[in-house]
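User: I would like to learn how to read a protein model step by step. Could we take one feature at a time, with the general idea followed by the case at hand?

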Amino acid sequence: MAEEHRCQAPKLCANNCGLIGSPATQNLCSKCHRDLQLKQHRSSSAKHAVNQTSIPSPSSFSSVSSSSSADKDAGSVAETKAAEVVEVEVRPKRCLSCNKRVGLTGFKCRCGMVFCGIHRYPEEHGCKFDFKAMGKQQIAQANPVVKAIKLHKI
């Protein structure tokens, strides 16, 4: 049986891409087989998203209700849900004090702003954040009050 397998001529891919297919991958080459699996996975995940019932948030409800009935097919619903999930945080590209470009090396202060290397310290940019109150709050959370049980005197 092994000799029969060796003697067979290689078969071309079923998609006619010019590469050699394998019987283990439905006579497809590795690239076409991978593409086929990817399409099947996408279609099954889209069906799962459509079948999944959930309560929409107010923002997603308004976006879905404003679209026409022709746009409410499975593809558009899946795309709108995917668009809502992916939200990219955009960081400012300039220092708030000197307007210098900081790019990826900007320092985010506790006050929420981005500063360059010179103005990264709270004293340098006149930060209004209350570090003292934050420290007290962290200490209070980390060290709860411990009281011993009162003993009755005999």
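User: Leaving aside its neighbours within four places in sequence, which residues is histidine 125 in contact with?

Analyst: Please keep in mind from the start that this is a predicted model. To read contacts, one sets aside the residues that are close in sequence and asks which others are touched; for histidine 125, leaving out neighbours within four places, these are Ser97, Cys109, Cys111, Phe115, His119 and Arg120. Histidine 125 itself is found in helix α5, which covers residues 122–125.

User: Is histidine 125 buried or exposed, and which backbone oxygen does its side chain reach at 2.9 Å?

Analyst: Histidine 125 has a relative accessibility of 14%, so it counts as buried. Its side chain reaches the backbone oxygen of histidine 119 at 2.9 Å, and a polar atom of the side chain of histidine 125 also lies 3.0 Å from the backbone oxygen of tyrosine 121.

User: Which residues make up the largest nonpolar core?

Analyst: For a core, one looks for buried nonpolar residues that are joined through their side chains. Here the largest nonpolar core has seven residues, namely Cys95, Val102, Cys109, Val114, Phe115, Cys116 and Cys127. Two of these names, Cys109 and Phe115, have already appeared among the contacts of histidine 125. Cysteine 127, when residues up to four places away in sequence are not counted, touches Cys109, Cys111 and Pro122.

User: With cysteines touching one another, how many disulfides does the count come to?

Analyst: A disulfide is a covalent bond between the sulfur atoms of two cysteines. The test is a distance, since the two sulfur atoms have to be within 2.5 Å, and by this rule the count comes to zero disulfides.

User: Why does cysteine 109 form no bond with the closest cysteine sulfur?

Analyst: The closest cysteine sulfur to that of cysteine 109 belongs to cysteine 111, and because the two sulfurs are 3.6 Å apart, they are too far for a bond. Cysteine 109 is buried, with a relative accessible area of 12%.

User: Where is cysteine 32 placed, and which cysteine holds the sulfur closest to its own?

Analyst: Cysteine 32 has its place in helix α2, and the cysteine sulfur closest to its own is in cysteine 29, at 3.4 Å, which is again too far for a bond. Cysteine 32 is buried, with a relative accessible area of 12%. If residues up to four places away in sequence are not counted, cysteine 32 touches Cys13, Asn15 and Cys17. Cysteine 17 is 15 residues from cysteine 32 along the chain, and the C-alpha atoms of this pair are separated by 8.3 Å.

User: What else can be read in helix α2, for example about the place of histidine 33?

Analyst: Histidine 33 also has its place in helix α2, and with a relative accessible area of 17% this histidine is buried. Leaving aside its neighbours within four places in sequence, histidine 33 is in contact with Thr25 and Leu28.

User: How many salt bridges does the structure hold, and which residue does lysine 31 pair with?

Analyst: For a salt bridge, one looks for a side-chain nitrogen of Lys or Arg within 4 Å of a carboxyl oxygen of Asp or Glu. The structure holds one salt bridge, formed by lysine 31 and aspartate 35, whose closest N and O atoms are 3.6 Å apart. Because these two residues are four residues apart in helix α2 (residues 30–51), they are separated by about one helical turn. Lysine 31 counts as partly exposed at 46% relative accessibility, and aspartate 35 counts as partly exposed at 31%.

User: Which sign does phi have in asparagine 16?

Analyst: When reading backbone angles, it is worth noting the sign of phi and the kind of residue. Asparagine 16 is not a glycine, although its phi is positive, at about 55°. Asparagine 16 lies in the loop between α1 (2–7) and α2 and is exposed, with a relative accessible area of 69%. Glutamine 26, likewise a residue other than glycine, has a positive phi near 60°. Glutamine 26 lies in the loop between α1 and α2, and at 56% relative accessibility it counts as exposed.

User: To finish, what pattern does the chain follow along the sequence?

Analyst: Read along the sequence, the pattern is α-α-α-α-β-β-α-α, given by six helices and two strands. Of the 154 residues of the chain, 13% count as buried.

Key: Residues numbered from 1 in each chain as written. Predicted model: local features only at pLDDT ≥ 70, side-chain atom pairs only at ≥ 80, totals over all residues. Heavy atoms only, no water. Buried < 20%, exposed > 50% of the residue type's maximum accessible area, 1.4 Å probe, protein only. Core = buried A, V, L, I, M, F, W, Y, C linked by side-chain atoms within 4.5 Å. Contact = heavy atoms within 4.5 Å. Polar contact = N/O pair within 3.5 Å; in protein donor to acceptor, adjacent residues only side chain to side chain.
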